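Welcome, and thanks for taking a look at this one with me. Please have the sequence and the 3D view open side by side as you read.

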Amino acid sequence: LSTSSTKIYLYAGLFPDVGGGFFLPRLQGKLGLYLALTGFRIKGRDVHQAGIATHFVMSEKIPDLERDLVSLKSPSKEDVADLLNSYHFKCKSDDKFVLAEHMDKINRLFKTNSVEEILQNLKRDASPFALQHLETLKKMSPTSMKITFQQLEEGATKNLSEVLVMEYRLSQACMKGHDFYEGVRAVLIDKDQSPKWKPATLEEVTEEYLKSCFKPLGNKELKL
């Protein structure tokens, strides 16, 4: 459920956790990968139009929705769905998805086998949209981008439980690294917006390191 105050922002310096590896690769085309890598913010009705939320309700209607949900007697899944649908359809709008005009480019430019190829595609395309996002990606953590790319590749074929286990492994790897802490420093503590990533380039993020991030944790594995 999204509301008019819902905001989705994927923080650079880590990876899209809390099930991001499950729902993002299941969005239309390459939208999920685009959102995950660029950190593009979507809010309100666009969260529903992107496919992240199943329903949209205006924020001021939430107390009414809560009251009606609580008043349901022994509700079934169908009862809850019908109620959500009734509120959703009352809030319908002809507003276009914020990224609608860019979806063809997103699907074409982000359909690759690596992060490096995405940057090459953006540079080659050279449209204002592509160059804007090329500059954005150049500022992102190379480690986080490569982890995120593989996370979504693997998450596309895993169930939710398997994705959550994978993301716990990734969280433990990132806690041992540099970039998560550096991202927090640059954005939340010093607020200089100038993180110094280590390693500083995509080429320096090795396949060996990436494999280690996704390795099972033995007796420290997440139990669901």
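The numbered points below go from the whole chain to a few side-chain groupings.

1. **What you are looking at.** Please keep in mind that this is a predicted model. The protein chain has 224 residues, and buried residues make up 41% of them. Its secondary structure comes to 12 helices and four strands.

2. **Overall dimensions and surface.** Along the principal axes, the C-alpha trace spans about 55 × 50 × 35 Å. The chain exposes about 12900 Å², and 54% of that area is supplied by carbon and sulfur atoms.

3. **How the chain comes together.** Take the contacts between residues at least 6 apart in sequence: 71% of these join residues at least 24 apart. The points on Y34 below offer some individual cases to look at.

4. **Y34 and its surroundings.** A good place to begin zooming in is Y34, which lies in helix α2. Is this residue buried or exposed? Y34 counts as buried because its relative accessibility is 0%, and the cut-off for buried is under 20%. Leaving aside neighbours within four places in sequence, Y34 is in contact with G39, F40, L99, I106, F110, F129 and H133. You can also look across to N107: the C-alpha atoms of Y34 and N107 are separated by 8.7 Å, while the two residues are 73 apart along the chain.

5. **Aromatic pairs around Y34.** The structure holds four aromatic pairs. One of them is formed by Y34 and F129, a stacked pair with 6.2 Å from centre to centre and 20° between the planes. Y34 belongs to helix α2 (residues 31-38) and F129 to helix α8 (residues 128-138), so this pair ties together parts that are 95 residues apart in sequence. Both Y34 and F129 are buried. For a wider view, colour Y34, F40, F110 and F129 together, as ring pairs link these residues into a cluster.

6. **A polar partner for Y34.** Which side chain makes a polar contact with the side chain of Y34? The partner is H133, and the contact is 2.7 Å. H133 has its place in helix α8, and with a relative accessible area of 4% it is buried. Not counting residues up to four places away in sequence, H133 touches Y34, T38 and L122.

7. **Another aromatic pair.** F180 and Y181 also form an aromatic pair, this one edge-to-face, with 5.5 Å from centre to centre and 65° between the planes. Y181 counts as partly exposed, at 41% relative accessibility.

8. **Salt bridges at D125.** The model has 10 salt bridges in its count. D125 takes part in a salt bridge with K105, at 3.0 Å from N to O. The two residues are 20 apart, with D125 in helix α7 (residues 115-125) and K105 in helix α6 (residues 103-109). D125 also forms a salt bridge with R108, where the closest N and O atoms are 3.0 Å apart. Since R108 lies in helix α6 and D125 in helix α7, this pair ties together parts that are 17 residues apart in sequence.

9. **How open those charged residues are.** D125 is partly exposed, at 22% relative accessibility. K105 is partly exposed at 25%, and R108 is partly exposed at 47%. Why does D125 count as partly exposed rather than buried? Its 22% puts D125 in the partly exposed class, because buried means under 20% relative accessible area.

10. **A salt-bridge network.** Next, find E182, R185, D190 and D192, which are linked in a network of salt bridges. Within it, the side chains of R185 and D192 meet at 2.7 Å, N to O. D192 is partly exposed, with a relative accessible area of 36%.

11. **Charges over rings.** Two last spots deserve a glance. The charged end of R26 sits over the ring of F22, at 3.9 Å from the ring centre. K90 lies over the face of Y87, at 5.1 Å from the centre of that ring.

Definitions and conventions
Residues numbered from 1 in each chain as written. Predicted model: local features only at pLDDT ≥ 70, side-chain atom pairs only at ≥ 80, totals over all residues. Heavy atoms only, no water. Salt bridge = Lys/Arg side-chain N within 4 Å of Asp/Glu carboxyl O. Buried < 20%, exposed > 50% of the residue type's maximum accessible area, 1.4 Å probe, protein only. Phe/Tyr/Trp six-rings, centres within 6.5 Å; stacked < 30°, edge-to-face > 60°. Lys NZ or Arg CZ within 6 Å of the ring centre and 35° of its normal. Contact = heavy atoms within 4.5 Å. Areas by Shrake-Rupley, 256 points an atom, 1.4 Å probe, with all protein chains shown as cover. Polar contact = N/O pair within 3.5 Å; in protein donor to acceptor, adjacent residues only side chain to side chain.
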